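Ready to poke around in some pockets? Grab the sequence and the 3D view, and work through the exercises below one at a time.

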Amino acid sequence: MESKFYEEDKLLIFKITDEIDDFSVQKIRRKADYEIERYMPKKVIFDFNSVTFMDSAGIGLIIGRYKFVKMLGGTVELANLTSSIRKIFEMSGILRLIPITNLEVS
Amino acid sequence: MKSEIENEMKLEFISKSANEAFARITVAAFASQLDPTIEELADIKTAVSEAVTNCIIHGYDKKQGIVKIFARLTENEIIIEISDKGKGIENIDIAKEPLYTTKPNLERSGMGFTIMESFMDKVDVESVVGLGTKVTMRKVIKNKVENEESDDEFEMITKE
Ligand SMILES: Nc1ncnc2c1ncn2[C@@H]1O[C@H](COP(=O)(O)OP(=O)(O)OP(=O)(O)O)[C@@H](O)[C@H]1O
Ligand SMILES: [Mg+2]
């Protein structure tokens, strides 16, 4: 997973580059929480453009980060969801809390 | 022309989460004999990942055990059985409910069974407390049927 912080907007973007399952999610979670604590962002965007697979572990990952970021006073958004990833998030209901945003594919 | 593909495979591995990707990729490779669409393959991969992860994190918890997969192809359907000899499920109806999880502290969302049911055509769960759990999932691979139908149509048109 790559991350980029934009100081002026207090915006933190995570570009997830792994498959997201119960195995890989532990590493992603650790890195995300570390960077969130370090930068205290106002907004966090998870970019799914390079995610080739995601199962229910991705739901837990995003809900967990949403709670953490919210506690620190920020918001979370999701970008570049494939149809299958979108279907999984839709089923879980989290899109009612966490909006999908436009982000150019980098 | 109809080709009668019938095939079977078995896979056994230790309950380590590093094997989740191995399991879903192997089943998807096997399923590709039925000429599924990319979307159908993605659905199969996701459902297998859910069932295998459940065996590892719920069935065996932190203990080590064996996860078994038995997959069968008929002419246009894949049937996948995924089983563990772990702790079993007390109430299957409750376990299948969306958002029901016994491990919320581990950031589980309780959506595994819901995802399996929506991505596959049929999901059956058998479980005995203390003996283990077996999930049987079936999916008709439509791509093949559709292709054959359109071939037939084409033949009809050319005959006329
Ligand atoms: N193989 C299994 N052995 C024992 N219990 C299981 C098994 N599979 C599922 N369960 C029980 O059923 C519940 C629901 O499973 P489900 O996959 O829907 O959600 P989850 O695994 O808790 O969360 P998620 O899959 O969204 O990460 C689990 O919390 C667990 O209690
Ligand atoms: Mg599950």
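By class, the lining of the largest pocket has 12 nonpolar, 12 polar and 8 charged residues. Keep in mind throughout that this is a predicted model.

**Exercise 1.** Work out which parts of the protein line the largest pocket.

*Solution.* Start with the space itself: the largest pocket holds about 620 Å³. Next, look at its walls. There are 32 lining residues, and His58(B), Ile89(B), Ala95(B), Thr102(B) and Phe113(B) are the ones nearest the centre. Now go up to the level of elements. In chain B, helices H2 (38-59), H3 (92-96) and H4 (112-119) and strands S3 (77-84) and S5 (132-140) each give two or more residues to the lining. The largest share is that of H2(B), with 6 residues.

**Exercise 2.** Find out where ligand 1 sits and what surrounds it.

*Solution.* First, place the ligand: it sits in the largest pocket, and it lies between chains A and B. Then list its neighbours. Counting residues with a heavy atom within 4 Å, the shell has 20 residues, with His58(B), Thr101(B), Thr102(B), Arg108(B) and Met111(B) coming nearest. H2(B) turns up again here, giving the largest share of the shell, 5 residues. Finally, sort the shell by class: 6 residues are nonpolar, 11 polar and 3 charged.

**Exercise 3.** Track down side chains that make polar contacts with ligand 1, and say how much of the ligand the protein covers.

*Solution.* Begin in chain A, where a side-chain N or O atom of Ser56(A) is 3.1 Å from an oxygen atom of the ligand. Move on to chain B. Asp84(B) has a polar side-chain atom 2.9 Å from a ligand nitrogen, while Arg108(B) places one 2.7 Å from a ligand oxygen. Last comes the cover: on its own, ligand 1 has 600 Å² of accessible area, and the protein covers 97% of that.

**Exercise 4.** Describe the second largest pocket and name the elements that give two or more residues to its lining.

*Solution.* Take the volume to begin with, about 340 Å³. Its lining has 16 residues, and those nearest the centre are Asp22(A), Gln26(A), Ile57(B), Lys62(B) and Leu106(B). Helix H1 (25-39) of chain A and H2 of chain B are the elements that supply two or more residues. H1(A) gives the most, with 3 residues. To finish, split the lining by class, which gives 5 nonpolar, 3 polar and 8 charged residues.

How values were computed. Residues are numbered from 1 along each chain as its sequence is written. Chains are lettered from A and ligands numbered from 1 in the order in which they are written. This is a predicted model: local features need pLDDT of at least 70, side-chain atom pairs count only at pLDDT 80 or more; totals for chains, interfaces and linings use all residues. Side-chain values use heavy atoms; hydrogens and water are left out. On a 1 Å grid over the protein atoms alone, a cavity is a set of points where a 1.4 Å probe fits but cannot get out, and a pocket is an open set with protein on both sides within 12 Å along at least five of seven lines; lining residues have an atom within 4 Å of a point. Grid points are joined across faces, edges and corners, and a volume is the space filled by probe spheres set on the points. Helices (H or I, at least four residues) and strands (E, at least two) are DSSP runs, numbered from the N terminus. Ala, Val, Leu, Ile, Met, Phe, Trp, Tyr, Cys and Pro count as nonpolar, Asp, Glu, Lys and Arg as charged, and the others, Gly among them, as polar. A polar contact is a pair of N or O atoms within 3.5 Å; within protein, one must be able to donate a hydrogen and the other to accept it, and residues adjacent in sequence count only if both atoms are side-chain atoms. Accessible areas come from the Shrake-Rupley method with a 1.4 Å probe; for residues, only the protein chains shown count as cover. A molecule sits in a cavity or pocket if more than half of its atoms lie within 2 Å of its grid points.
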